[in-house]
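This report is for a reader who is new to the structure. It goes through a few single residues, the nonpolar cores and two pairs of helices.

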Amino acid sequence: MNSQIFSKQSDLYAKYRPRYPDTLYEFLMRYVSDNMRACDCGTGTGIFAEKLTEYFQRVYAIDVSVKQLSNAVERNNICYSLSPAETIPFNDAFFDLVTVAQALHWFDTELFFKEVKRVLRPNGLIAVIWYGRVKVEDNEARKQIDRFYELMFSNFFASNRKLLDHGYRDIDFPFNEIVCPEFKSVYTWSLDDLRGYFYSWSAVQRYIDNCHKDPTEEIIASLASFWQKKEKVSFPMYMRLGRL
């Protein structure tokens, strides 16, 4: 992963990216054999790692971006390291759980999974977590957001985004897989919140850099007639869970 991809908007990433629901963590913990140590790879600002601290004695979180880690949440039992996911800087059979949330498409998955197998303890788990497109209740507003998504990600995002859009089903997952349900996170957002979320996209930042224009202005203006002061938005959440 390029360490600069999310550096520019790391503060926006920390503020506006959705959090994962308690139901997802509770489902995950049903299958964890021990709760000594977990490793969150591609942690960004520690969004997923933060909640893991409630379940594990120690959480180690790694990322390649100094800026992202500088905006990461602080907890007494989180230890952050600057490192690519393909070379996890810990001993063999060290972790009970390895997680990667909304980041697997940036990794060399063959090398990453090889490292996961090395650092997991026997019977350890790997959890790959991601979320889908933001959903709104108004049909016309949803169509406009979907069109904006397609414009940004078809022209200003790396092709690896398709791996996420396909639910990582195009990636070989060399673990004993556990079937997971779908989860959901729900928020009440203003248009400013939605704009902040759009700004956290690396595709939007690339558009601004390349075109010297803010692409969110038109979409936010067009949504104003549908959007009250606050509107309900939701994110479908998914997980691929595997045992070593």
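Helices and strands are here DSSP runs, helices of at least four residues and strands of at least two, numbered from the N terminus. With that naming, alanine 85 falls in the loop between E3 and E4. The model is a predicted one.

**Alanine 85 and its surroundings**

Is alanine 85 buried or exposed? Its relative accessibility is 4%, and residues under 20% count as buried, so alanine 85 is buried. Leaving aside neighbours within four places in sequence, alanine 85 is in contact with Cys41, Ile62, Phe107, Phe112 and Glu115. One of these contacts, with phenylalanine 112, joins positions 27 residues apart along the chain, and the two C-alpha atoms are separated by 6.0 Å.

The loop between E3 and strand E4 (95–101) also holds alanine 93. Alanine 93 has a relative accessible area of 39% and is partly exposed. Its phi is positive, near 50°, in a residue other than glycine.

**Other loop residues**

Proline 18 sits in the loop between helix H1 (10–16) and helix H2 (22–29). Proline 18 is buried, with a relative accessible area of 2%. Not counting residues up to four places away in sequence, proline 18 touches Ile47, Tyr131, Tyr187, Tyr197, Phe235 and Met237. Proline 18 and valine 134 are 116 residues apart in sequence, yet 9.5 Å apart in space from C-alpha to C-alpha.

Glutamate 74 belongs to the loop between helix H4 (66–70) and strand E3 (78–82). With 69% relative accessibility, glutamate 74 counts as exposed. Between the C-alpha atoms of glutamate 74 and glycine 46 there are 8.4 Å, and the two residues are 28 residues apart along the chain.

Histidine 212 is in the loop between H9 and H10. The residue is exposed, with a relative accessible area of 69%. Histidine 212 follows H9, and its phi, near 55°, is a positive value in a residue other than glycine.

The table lists the accessibility of these loop residues.

| Residue | Loop | Relative accessible area | Class |
|---|---|---|---|
| Proline 18 | between H1 and H2 | 2% | buried |
| Glutamate 74 | between H4 and E3 | 69% | exposed |
| Alanine 85 | between E3 and E4 | 4% | buried |
| Alanine 93 | between E3 and E4 | 39% | partly exposed |
| Histidine 212 | between H9 and H10 | 69% | exposed |

**The nonpolar cores**

Which residues have the most contacts inside the largest nonpolar core? They are Tyr20 and Met239, in a core of 54 residues. Helix H6 gives the most to this core, with 6 residues. Apart from it lies another core, of 28 residues, and among its members are Ala85, Tyr168, Ile171 and Phe175.

Tyrosine 20 touches Tyr25, Ile47, Phe48, Ala101, Gln102, Ile129, Tyr131, Ser185 and Met237, with residues up to four places away in sequence not counted. Ile47, Tyr131 and Met237 are also among the residues that proline 18 touches.

**Helices H6 and H9**

How do helix H6 (residues 139–155) and helix H9 (residues 202–211) pack? Their axes are 9 Å apart, at an angle of about 65°. Angles of 65 to 115 degrees count as roughly perpendicular, and H6 and H9 are therefore roughly perpendicular to each other. H6 passes H9 in a left-handed crossing.

On the H6 side the meeting residues are Phe148, Met152 and Phe153; on the H9 side they are Ala203, Val204 and Tyr207. By class, this contact has 6 nonpolar, no polar and no charged residues. Within H9, the buried residues are Ser202, Ala203, Val204, Gln205 and Tyr207.

**Helices H8 and H10**

Helix H8 (residues 191–199) and helix H10 (residues 216–223) have axes that come within 11 Å and cross at roughly 155°. An angle over 145 degrees counts as roughly antiparallel, and this is therefore the arrangement of H8 and H10. Their crossing is right-handed.

From H8, Leu191, Leu194, Arg195, Phe198 and Tyr199 meet Thr216, Glu217, Ile219, Ile220 and Leu223 from H10. The residues of this contact divide into 7 nonpolar, 1 polar and 2 charged.

Terms used
Residues numbered from 1 in each chain as written. Predicted model: local features only at pLDDT ≥ 70, side-chain atom pairs only at ≥ 80, totals over all residues. Heavy atoms only, no water. Axes fitted to C-alpha atoms, helices over the stretch in contact; angles between N-to-C directions. Parallel < 35°, antiparallel > 145°, perpendicular 65-115°, else oblique. Left-handed = near helix turned anticlockwise from the far one by under 90°. Contact = heavy atoms within 4.5 Å. Nonpolar A, V, L, I, M, F, W, Y, C, P; charged D, E, K, R; others polar. Core = buried A, V, L, I, M, F, W, Y, C linked by side-chain atoms within 4.5 Å. Buried < 20%, exposed > 50% of the residue type's maximum accessible area, 1.4 Å probe, protein only.
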